[in-house]
Each structure stands twice: as structure tokens, then as C-alpha cells.
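Biologist: Please put the model on screen. I would like to go through it by question and answer.

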Amino acid sequence: MKQEQFTNLDGIIFDVDGTLWDSTEPIAKVWTRAVHENTDLDIQVAPEDLRKLFGKTMTEIARALFPSLPAEKQEQVMAACYAYENDYLESHPGVLYEGVVETFTTLSHKNNLYIVSNCQCGYIELFVKAAGLEHCVKDHLCFGETNVSKGRTIRLLMERNHLEHVVYVGDTKGDADACKEAQIPFIFAGYGFGDVPDAPYQIKKISDLCKMLFS
């Protein structure tokens, strides 16, 4: 039975990494190359490192990966990483989680779907194109466009689309905190990168959303 919290929804907003796909393998590879070609650092960016960091802002990720670099250099290196990443993902996309396309198609017939992520400009567009979801996603917004917290970015997307009753689907504690800031319900994608043990709503696979929101 549908939760009372989800009645009268006028939008469903999704995170990307750890919620809709896993792109950590190709991104780790190309970020390592970007670091080696733009710094003297002898480090390897590992997929497991990214799974712990995705969901944070671009600034927070830079501080975590390159603590020995001054802030200005961190920003420059991250800009290179994201430029390499956007180019590489065009031909080496992430792994889409099972059921994403079918679930988005079903949900888009019942409601408007959106994406908000703490990513760089162009990344959501790459995901949507790779997944073939152009017909399902009504709008999206990212940290690269707003440079504010994810909670505030969610509110900006809501304001832009005149949304009042939405739910956010994500996989990290940061997503849960963003929903508290935005004052909207949070659904925890328990199959993703993070852990939110106190999440009031949880799905074990993305197709569970259809039953939770509309049955």
C-alpha cells in the first residue's frame, strides 16, 4: 500500500551515482590519468575511494583526494578530472543498475521525474543519454550549476518547476541530510554506495519504487 507521505506527489527526484548507475570504475581510471598528467602526485584513484566520496560536493571530494595541494591547485586538478571524465564517459559509460530504464518508463507515465546531483556540469546529461532516458527526465540540476548545498539545489529545482510535493531517492547519508535541509521525504536506495540505518523508507532495488509510490 502506498505510504501516506507520498500522496499527491508532483515530482520524484533522483540522485545518480549509487542510485541509478555505478560509474566508479571508468571514472577512477580517467581521474588517475588526469592527476598524473596535471600534478606530480603519485597516487592511484580507486573505485572504492570514489564510492565513499560520491554524494559529497566537488569541493569536498577535492579536499579528500588531494589534501597536500593548496585549495587553488585542488580546484584546478578537479577541473581537469571532470573534463577528462566527461570526455571518457561518452564512450565508456557507467553500469546501469538493473531495472532503471523500466522503472523510469513506468514512473514517467504517472509523474514527472527529475535528477539532482552534486556533480559537474554535463554529467547528468551524459547519464541520461547513455541510459536512453531523455524521454523520461523532465529537468535536472547539479552542484556545477548552483555551487550550493544539495538541499538548496533541490529547492532551486523545485522552485524552477513549481513543485510542492516531491520525494528524493538517494543512497547516502548526505542525500538524507539534503532532504532534511530541503524539507522533503527521503527514500534510501539500500543497494547503493552509502548507509542510512535510520532511513524511514528504503528500497532494495529501484523497481520497488513503483509499489511504494503508486500501489
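Biologist: How many helices and strands does the protein have?

Modeller: This is a predicted model. Its secondary structure mixes both kinds of element. The count is 10 helices and eight strands.

Biologist: What is the radius of gyration, set against the globule rule for 215 residues?

Modeller: The globule rule gives 17 Å for 215 residues. The protein comes close to that value, so it is as compact as a globular protein of that length. Along the principal axes, the C-alpha atoms fill a box of roughly 55 × 30 × 30 Å. The radius of gyration is 17 Å.

Biologist: What percentage of the 215 residues is buried?

Modeller: A residue counts as buried under 20% relative accessible area. The accessible surface of the protein is about 10,300 Å², and carbon and sulfur atoms hold 48% of that surface. The buried share of the residues is 53%.

Biologist: Among contacts between residues at least 6 apart in sequence, what share joins residues at least 24 apart?

Modeller: Tyr-114 and Lys-138 illustrate such a separation, being 24 residues apart in sequence. Tyr-114 is also in contact with Lys-138. For the protein, the share is 67%.

Biologist: How far apart are the mean positions of the positive and negative charges?

Modeller: There are 20 positive and 32 negative charges. Each set has a mean position. The two means are separated by 4 Å.

Biologist: How many salt bridges does a search of the whole structure find?

Modeller: The criterion is a side-chain nitrogen of Lys or Arg within 4 Å of a carboxyl oxygen of Asp or Glu. Arg-152 and Glu-159 satisfy it, with closest N and O atoms 3.3 Å apart. The search finds seven.

Biologist: Which parts of the chain does the salt bridge between Arg-51 and Asp-22 tie together?

Modeller: The closest N and O atoms of Arg-51 and Asp-22 are 3.4 Å apart. These residues sit in parts 29 residues apart in sequence, so the pair ties those parts together. They are helix H2 (residues 47-53) and strand E2 (residues 21-22).

Biologist: In that pair, is Asp-22 buried or exposed?

Modeller: Arg-51 has a relative accessible area of 27%, which makes it partly exposed. Asp-22 has 16%. The cut-off for burial is under 20%, so Asp-22 counts as buried.

Biologist: What is the closest N and O distance between Asp-208 and Lys-205?

Modeller: Both partners are partly exposed: Asp-208 at 22% relative accessible area, Lys-205 at 46%. They form a salt bridge. The closest N and O atoms are 3.0 Å apart.

Biologist: Which residues are linked in a network of salt bridges?

Modeller: Here the salt bridges join into a network. One member is a lysine, Lys-150, and Lys-150 lies within the range of helix H8 (residues 150-160). The linked residues are Asp-15, Lys-150 and Asp-175.

Biologist: Which residues is Thr-153 in contact with, leaving aside its neighbours within four places in sequence?

Modeller: Thr-153 lies in helix H8. Its relative accessible area is 1%, so Thr-153 is buried. Its contacts are Val-116, Leu-141, Cys-142, Thr-146 and Val-148.

Biologist: How far apart in space are Tyr-114 and Lys-138, C-alpha to C-alpha?

Modeller: Tyr-114 lies in strand E4 (residues 113-117) and is buried, at 1% relative accessible area. Its contacts beyond four places in sequence include Phe-14, Asp-139 and Leu-163. From Tyr-114 to Lys-138 the C-alpha distance is 5.7 Å.

Biologist: What is phi of Asn-147?

Modeller: Asn-147 is found in the loop between helix H7 (143-146) and H8. Asn-147 is exposed, with a relative accessible area of 54%. Its phi is positive although Asn-147 is not a glycine. The value is about 55°.

Biologist: Where is Gln-183 found?

Modeller: Gln-183 also has a positive phi without being glycine, near 60°. Its relative accessible area is 70%, so Gln-183 is exposed. Gln-183 is found in the loop between helix H9 (173-182) and strand E7 (186-189).

Key: Residues are numbered from 1 along each chain as its sequence is written. This is a predicted model: local features need pLDDT of at least 70, side-chain atom pairs count only at pLDDT 80 or more; totals for chains, interfaces and linings use all residues. Side-chain values use heavy atoms; hydrogens and water are left out. Helices (H or I, at least four residues) and strands (E, at least two) are DSSP runs, numbered from the N terminus. The radius of gyration is taken over C-alpha atoms; the globule rule is 2.2 Å times the number of residues to the power 0.38. Buried means under 20% relative accessible area, exposed over 50%, partly exposed in between (1.4 Å probe, protein chains only). Contact means heavy atoms within 4.5 Å. Accessible areas come from the Shrake-Rupley method with a 1.4 Å probe; for residues, only the protein chains shown count as cover. Lys and Arg count as positive and Asp and Glu as negative; His and the chain ends are not counted. The place of a charge is taken as NZ of Lys, CZ of Arg, CG of Asp or CD of Glu.
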